[in-house]
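This report looks at the empty spaces inside a protein model and at the place where its ligand sits. Please keep the structure at hand while reading.

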Amino acid sequence: MQHSISVQSKTQQAIELEERYGAHNYHPLPVVLDRGLGVFVWDVDGKRYFDFLSAYSAVNQGHCHPRLVKAMREQAGEITLTSRAFYNSKLGSYAEYVCKTFGYDKMLPMNTGAEAVETALKMARRWGYEKKGIAKNAAKIIVCEGNFHGRTITIISASTDPDSNTDFGPYTQGFVTIPYNDIAALEKALEDPTVCAFLVEPIQGEAGVFVPDEDYISKAIQLCKKKNVLFMADEVQTGIARTGKLLCTEHSGERPDVVILGKAVSGGMYPVSMVLADDAVMEVFTPGSHGSTFGGNPMAARIAMEALDIVKEEKLSENAERLGHIFRSEMQQLVEEFPYVKLVRGKGLLNAVVIEARTAADGTPKSAWELCLLLRDNGLLAKPTHGDIIRFAPPLVITEEQLMECCRIIALSVRQFA
Ligand code: PLP
């Protein structure tokens, strides 16, 4: 055993251990990361890559941002976890900070994105019974085909993706599914008076970066308002400057009733999520009705305040907006030149390229996966989703010069993919 480990490469060793002892609920690209700084990550052999996944848009502020490392170190030496059995000295100022930043009366702190979505679902149902007067246990929540809101039993009950929900039944009831980006379908579903909420991603990230029509979100918010239904924006992936605004829904000019945030709220340092809403909605939560041992802990609060300060001070929304246009126009040139690069879509620095899968003359498969392996070999990490889509979402601290270098790496890899 000892001998076989010593002759293996560090990469192989790490992969084999993970595969041997870790559940196979992911299919990682074969690269073993060891270090990160800003837009770069390094593997165990010291090879450097541009990170174009950003931990699924959690590391918008860049890896190991020195201000976040400092905040985390300092807080770790003071106090990390108090539970909500007591007040702590950071949660109040954090709550005030996010409420003022995003423009809501109250926030409820959780840890992961899925927990925040669950929180919003519970809140919507209670609001439906206590405020809207829906008969007990009859409340429905509208969701969209192709959604991704997380992995809990209730959330996958609302999913249409067989990879997510096969053989996990019995499922949670009370969801109505409509096509995404279909206002007529929403209008029809809203006719049901037992509907309490519409839960939607402003851009469907996991599904492959599907950007709805320009006016979809604004019309959907207006329709929900008319029908006294909560519009709940899942901004776990689109939020925190990723699409060129602090919240993606800002592009619509309308304000959701409920906003769900996670991932980049902490810049990837720590699991931090939250739900934002006004008092009339949030007040349905009473002591004992919801909670989390870790939610709102002082470490999370301290890190998140620093992480949001960074987004503002380093103007990451503006950077994402500006560089997003450049990136898509560079990718569009590849679409025009290479028939197997079908299209590019996205907003800000949340983009995807669709690759046509084919088989080479020698019989080897050529899909988005193989292109991602080439990208890796050329020093850029991205991950395919749903077989033929590659999401490109670098940390938002990327500079124009770095972005242009990455476009050259992508162009080179696409050429080698011929
Ligand atoms: N909602 C959206 C839109 C997401 O993209 C994700 C994760 O990718 C989640 C919720 C779940 O977040 P987490 O993995 O932190 O539970």
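## How spaces are found

On a 1 Å grid over the protein atoms alone, a cavity is a set of points where a 1.4 Å probe fits but cannot get out, whereas a pocket is an open set with protein on both sides within 12 Å along at least five of seven lines; lining residues have an atom within 4 Å of a point. Grid points are joined across faces, edges and corners, and a volume is the space filled by probe spheres set on the points.

The model is a predicted one, in which local features need pLDDT of at least 70 and side-chain atom pairs count only at pLDDT 80 or more, while totals for chains, interfaces and linings use all residues. Residues are numbered from 1 along each chain as its sequence is written, and side-chain values use heavy atoms, with hydrogens and water left out.

## The two cavities

The whole structure contains 2 cavities of 30 Å³ or more. The largest cavity encloses about 140 Å³, and its lining includes Pro-202, Ile-203, Cys-248, His-251 and Lys-347. That lining has 6 nonpolar, 3 polar and 3 charged residues, where Ala, Val, Leu, Ile, Met, Phe, Trp, Tyr, Cys and Pro count as nonpolar, Asp, Glu, Lys and Arg as charged, and the others, Gly among them, as polar.

The second largest cavity holds about 40 Å³, and its lining consists of 9 nonpolar residues, with no polar and no charged ones. Among them are Met-331, Leu-371 and Phe-392.

## The pocket and its ligand

The largest pocket has a volume of about 1400 Å³. Of the 44 residues that line this pocket, Tyr-26, Tyr-56, Phe-148, Arg-151 and Glu-206 are the closest to its centre. By class, its lining divides into 18 nonpolar, 17 polar and 9 charged residues.

The ligand sits in this largest pocket, a statement that requires more than half of its atoms to lie within 2 Å of the grid points. Polar contacts are pairs of N or O atoms within 3.5 Å; within protein, one must be able to donate a hydrogen and the other to accept it, and residues adjacent in sequence count only if both atoms are side-chain atoms. A polar backbone atom of Gly-113 is 2.9 Å from an oxygen atom of the ligand, while a backbone N or O atom of Ala-114 lies 2.8 Å from a ligand oxygen. Gln-237 instead uses a polar side-chain atom, which lies 2.8 Å from an oxygen atom of the ligand.
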